[in-house]
Amino acid sequence: MRKGIFSVLRRSPFAVCTARNMAARMMGVVACVVMLATVAPDMAQAFSDEELRNIAEQLDDNSATKKVAVIEKMAADGDPRVAPILKAMLDGDLYVRDSDEHVVIATKKGKVFTHIDIVSGEVAGESSSKELSKIKVNNRLRGALRDALATLNLFSPDINVRTAAVEQIMDARDPAMLPLLLRAIEREEDETLLARMQLAEATMALAAGETTDERLAAIAVLASETTPQIRAVLSQFVASAEAEGYQPEVVEAAKDALSSVERRLSTWQTVGDVYRGISLGSVLLLAAVGLAITFGVMGVINMAHGEMIMIGAYTTFVVQQALAPFLPSGSAWSLAISVPAAFLVAGAVGVVIERCVIRFLYGRPLETLLATWGVSLALQQAIRSIFGATNQQVTAPDFMSGAIEFSTGLVLTYNRLWIILFSVIVVAGIAGVLRYTAFGLQMRAVTQNRRMAGSVGIRTGYVDALTFGLGSGIAGIAGVALSQISNVSPNLGQTYIIDSFMVVVFGGVGNLWGTVLGAFSLGIVNKFLEPVAGAVLAKIFVLIALILFIQKRPKGLFALKGRAVEA
Amino acid sequence: MNKKLQALVGAGALALSTMAMSAAQAADTIKVGVLHSLSGTMAISETTLKDTVLMLVDDLNKNGGLLGKQVEAVVVDPASDWPLFAEKARELIEKDQVSVVFGCWTSVSRKSVLPVFEELNSMLFYPVQYEGEESSRNVFYTGAAPNQQAIPAVDYLMSEDGGGAERIVLLGTDYVYPRTTNKILRSYLNGKGIADADIMENYTPFGHSDWQSIVADVKAFASAGKKTAVVSTINGDANVPFYKELANQGIKAEDIPVVAFSVGEEELAGIDTAPLVGHLAAWNYFQSVESDANSAFIKKWHAFIGDEKRVTNDPMEATYIGFNMWKQAVEQAGTTDVDAVRQAMYGQEVANLTGGTAVMNTNHHLSKPVLIGEVQDDGQFDIVWETEGTVVGDAWSDFLPESAKLTADWTYPWVCGNCEKPMY
């Protein structure tokens, strides 16, 4: 189906006359004569207004096959007015207006659709959704539209548009695109883009190449690249070369190239695993760092810790809903306001729990465990009663959507990057509070020796409440971050409670740095195991390894020394 | 001989007295049990179905009730705890004396209550799409069997309009439904000429939240040059982080389409769907279907729940069909007696919300149309493909050798849910 588009495109005179590949050459003789005689102005309006309107109306058809044919026809002659129409269709903004059966591009604002005439590109009225019927697209059409747009955009004055077009062509790897690509190569002035274009050319030339020299040249270009596409091109070529019995040197060269590409890709794979491990580690760290304070420092087995995270996430949701009328969508402000709000709300809930339940149970771990577990169920059900059992939507701000994509297949998503950064900031903040503030000093004193701290005049009960509040508040902050990658549902906390305990126990109870190291090492180990063993087994292995480790070192990675760990 | 006769008479008398008792109870109202989790992990999905049954009961009572009596819904909360489902089912049947139960979502909860319903000879309507390989005399399955959802979806992916997929990734949550469905799919795909090397299967725990590696693996698997598609049987809470990761890693539907069997309007409610446009779901119902019955149903739902933003979904329609079929069967039988109602159920017809009629077959599964919808940026689905007419739900898959030879038919001469030969 893709071939169809480009067989039509070969009508372009320039492409055919310079085309190096065989198929084009065969047609070339005839086509050059015909086309050079007429010398159509490059990229001019190939359709008359009436023709454009008529052909666009044919897009409104029930058969996808017919629509693809129309798209091919529209893109074939390089009319500059076609690209916006196809783009609108790809975005689902192309409609048929019921009043006059005209095809229009319509953009929605509130409940009103503004119509734009496809021929003139000017505003042509507005209406509600009832007077428009959408021209439907499916995935097959989206593919055809993107390919068509790529060829149209190859000559765009905007370098970013051209770059995207080249990448699309590289993905599609249709030999029929080659003539047009060669034409673009001759015109391209940007060095980097030119290199990408030549690479794209090589991927196609490899399959289309006729002689040993052509093939070897193409392999040489490809061998130095490190992308999954090149690996696919080479492995397909190796398979077909062996099947069809090409020259041994070609097969050899291709195999060498393939293995060197694969070697480099596997290095990148490892880099990716490490990154994903760090990212998982940062999530674990955020979830666990509050617990490191309530459980690690105070020794309270706090089963309601997960619910503090959940409360933080729901605070984010409430703040976003409350600010929605005042802020544009995608604004980062609601998230920025959510951080202190979540800290305060979750912290306050934490203080209330400590004052009402936990302070009566110090020194009785089993009862604390059961009581906090009960609190966690109560909080879950409370949230369920207030907000309902269904997920709530927290929209991501613009700066947290999308990803940095490397051509090597490595993808660093922005939300994960920000969460890594955020976890570092949060931990640094806590470390600062513990180390440099009077409250931190009192807290450490109470942890290390409660009686002595009391004797020197520290109000231990007050410090307990605030410490528990701090731990809960930090869990609330974690909830803000987790609302970006996870469900905002009453069950949010349950997902993280076990992992959090694992991190704290592994890292060493009562030690912040142990928690940091514990979180990152568990994250990385998990991510290295996952591709090999699968997600379920990886979790089990990590758990078993942790149990064995605790047997060997019952106090975790970093144990507090001295008299600190009295019951 | 004499003793046997005595025992028989005794049993008869006992049966008569219990019947009299239940008749006395039933004199005021007809009781309907609702067995859906209102707390725990599954509350997110099941609460909606509880509300749906309450709405239907409410509606029925407003229109004069059933057999001249009011219908009363008895709601219990099995709290997403599978053994508790069995206890609560027993409580509903023995203590509350309900005539019928609407309930369960996960297959494991259904398996847990099955022995109770069979022992006490009661009736369960199960409204969720499931893995098949089951037909109980006491259960009516109003959700889709694999041949009414999974098989058509894969056919669509491999068709020209679906993108002509040649490599398939099977992603699922690690429990009985995804594993069985994927076993059926693998065998079906092998039959269609897709080799095992072109199928990637991956399972994750319930509530899995870190999808980075798996999405990266899918991307790598898809970069081999053949058109790749993902079939997702990921269930429950894990879906939101999965789709967020897909969107963030820039996987577009036209490159690697994902077709899901457990993601409907309700699950999408927690996600910004703009980056997911074009990903697919296969169901027997979508809220976006334009029909008079559907818009009336949506209107009624919004009025009942008091929130214009709440969506409707496929298991709700399955509940609606099941409830109305039961109502019709009771009216036809003139009683709520389980055996009489069961006989009246076969061949019972109810208009689908999407148009056409659903018919109850003697294998306790429905004939329904199959629809494939594309995610739109407003969180709704746009139907891109549908079956011509209805598909008969198949209790035992034809694509697994051990189940292909089994038949489920609860009428004479078969009278059996898993037999190779008729009983009579």
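These legends describe close-up views of a predicted model with chains A and B.

**Figure 1. Confidence in the complex and in chain B.** The predictor assigns the complex an ipTM of 0.80 and a pTM of 0.83. Chain B has a mean pLDDT of 89, and 94% of its residues reach 70 or more. Among the elements of chain B, strand 4 (residues 124-126) has the highest mean pLDDT, 97, and helix 1 (residues 2-26) the lowest, 49. In residues 14-26 of chain B the pLDDT is below 50, and this stretch makes 3 contacts in the model beyond near neighbours in sequence.

**Figure 2. The side of chain A that touches chain B.** Contacts link 48 residues of chain A with 48 residues of chain B. Several elements of chain A each supply at least two residues to this side, among them helix 12 (228-244), helix 13 (248-297), helix 16 (365-387), strand 6 (403-405) and strand 7 (411-413). Helix 7 of chain A contributes the most, with 5 residues. Sorted by class, the side of chain A that touches chain B holds 25 polar, 13 nonpolar and 10 charged residues.

**Figure 3. An open sheet in chain A.** Five strands of chain A form an open sheet in the order 4-3-2-1-5, with antiparallel pairing. Strand 4 (123-127) and strand 5 (132-134) of chain A are at the edges and have a single partner strand each, so one side of each lacks a neighbour in the sheet. From one strand to the next the twist averages 40°. Strand 1 (residues 94-97) of chain A is joined to strand 5 of chain A by 3 bridges, and the two run antiparallel. Within this pair, A:Tyr95 is opposite A:Lys134 of strand 5.

**Figure 4. Strands 11, 12 and 13 of chain B.** Strand 11 (residues 349-351) of chain B pairs with strand 12 of chain B in the antiparallel sense over 3 bridges. These two strands form a hairpin with 5 residues between them, and B:Gly355 in the turn has a positive phi of about 100°. Strand 12 of chain B also runs antiparallel to strand 13 (residues 366-368) of chain B, to which 2 bridges join it. That pair too is a hairpin with 5 residues between its strands; in its turn, B:His364 has a positive phi of about 70°. B:Val359 of strand 12 is the bridge partner of B:Glu349, and B:Val359 also stands opposite B:Ser367 in strand 13 of chain B.

**Figure 5. Side chains along strand 12 of chain B.** In a regular strand, side chains alternate between the two faces of the sheet. Strand 12 (residues 357-360) of chain B shows this alternation: B:Ala358 and B:Met360 point to one face and are buried. B:Thr357 and B:Val359 point to the other face and are not buried.

**Figure 6. Annotated segments of chain A.** An unreviewed UniProt entry places the feature "transmembrane region" at several stretches of chain A, including residues 280-301 and 462-481. Residues 280-301 of chain A are 82% helix and 0% strand, with end C-alpha atoms 24 Å apart. Residues 462-481 of chain A are 100% helix and 0% strand, and their end C-alpha atoms are 29 Å apart.

**Figure 7. The surroundings of A:Leu517.** A:Leu517 is part of helix 22 of chain A. A:Leu517 counts as buried because 20 C-beta neighbours lie inside 10 Å. Leaving out residues up to four places away in sequence, A:Leu517 touches A:Gly507 and A:Leu557. A:Leu557 is 40 residues from A:Leu517 in sequence, and their C-alpha atoms are 8.5 Å apart.

Technical notes: Residues are numbered from 1 along each chain as its sequence is written. Chains are lettered from A and ligands numbered from 1 in the order in which they are written. This is a predicted model: local features need pLDDT of at least 70, side-chain atom pairs count only at pLDDT 80 or more; totals for chains, interfaces and linings use all residues. Two residues are in contact if their C-beta atoms, placed from the backbone, lie within 7 Å. Helices (H or I, at least four residues) and strands (E, at least two) are DSSP runs, numbered from the N terminus. Ala, Val, Leu, Ile, Met, Phe, Trp, Tyr, Cys and Pro count as nonpolar, Asp, Glu, Lys and Arg as charged, and the others, Gly among them, as polar. A residue is buried if 20 or more other C-beta atoms lie within 10 Å of its own, exposed if 12 or fewer, and partly exposed in between; C-beta atoms are placed from the backbone. Two strands pair if DSSP finds at least two bridges between them. Axes are lines fitted to C-alpha atoms, for helices over the stretch in contact, and angles run from 0 to 180 degrees between N-to-C directions. UniProt positions are given in the numbering used here, feature names are shortened, and annotations may be inferred rather than shown by experiment. pLDDT is the predictor's confidence in each residue, from 0 to 100.
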